[in-house]
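Reader: Hi! Could you walk me through this one? I'm new to reading structures.

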Amino acid sequence: MVSLAAGDVKLKSIVIDTASTCDYLLVGKEVNVIFKEMEVSISTQPDLPISLQNQITGKITRLEVGEILSKVTLETEVGKVVSVISTNSAERLNLKEEQQVYAMIKTNEVMLSAE
């Protein structure tokens, strides 16, 4: 398990490598954090009692509603985060542009890269 910090945002990732096999895992090294937009859940409430450990607060800057899927673009402290959720979920959450929401990503879906 690797813990990461970017400002006030704290993330965790499960990795197979170690600092001895991947130097970008050394403490203090910068890494890129990657996750698929389909793996980002959206909540309107913070700190829910669920197993998702990674939570990023953001404001919806764009909401593209489709017949089946909706694309939610957030501006966060760590940059743009995009989530693709069902349109049914977007409607149930009553999502609107400019609304503060919480992007949540499973620990095993967070990938790290040196570049």
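Author: Happy to; we'll go from the whole chain to a few strands and then one residue. This is a predicted model, where local features need pLDDT of at least 70 and side-chain atom pairs count only at pLDDT 80 or more, while totals for chains, interfaces and linings use all residues. Residues are numbered from 1 along each chain as its sequence is written, and side-chain values use heavy atoms, with hydrogens and water left out.

Reader: Thanks! What secondary structure does the protein chain have?

Author: One helix and nine strands. Helices (H or I, at least four residues) and strands (E, at least two) are DSSP runs, numbered from the N terminus. The order from that end is β-β-β-β-β-β-β-α-β-β.

Reader: And how many of the residues count as buried?

Author: Of the 115 residues, 34% do. Buried means under 20% relative accessible area, exposed over 50%, and partly exposed in between, using a 1.4 Å probe and protein chains only.

Reader: Why is β8 called largely enclosed?

Author: Because five of the six residues of β8 are buried, the rest of the structure largely encloses this strand.

Reader: Which strands pair with β8?

Author: Among them is β4 (residues 40–43), which runs antiparallel to β8 over four bridges; there, Val40 sits opposite Ile105. Another is β5 (residues 54–65), also antiparallel, over six bridges, with Gly58 across from Val101. Two strands pair if DSSP finds at least two bridges between them.

Reader: Changing topic: what do β1 and β2 form?

Author: A hairpin, with two residues between the strands. Gly7 lies in that turn and has a positive phi of about 65°. Strand β1 (residues 2–6) pairs with β2 in the antiparallel sense over five bridges, and Ala6 has Val9 as its bridge partner.

Reader: Which residues of β2 are on its covered face, and which on the uncovered one?

Author: In β2 (residues 9–13), Val9, Leu11 and Ser13 make up the covered face, whereas Lys10 and Lys12 make up the uncovered one.

Reader: Last one: where is Thr107, and is it buried or exposed?

Author: Thr107 is in the loop between β8 (100–105) and β9 (111–113). Thr107 is buried, with a relative accessible area of 8%.

Reader: What does Thr107 touch?

Author: Leaving out residues up to four places away in sequence, Thr107 touches Met1, Lys12, Ser13, Ile14, Gln53 and Asn54. A contact here means heavy atoms within 4.5 Å.
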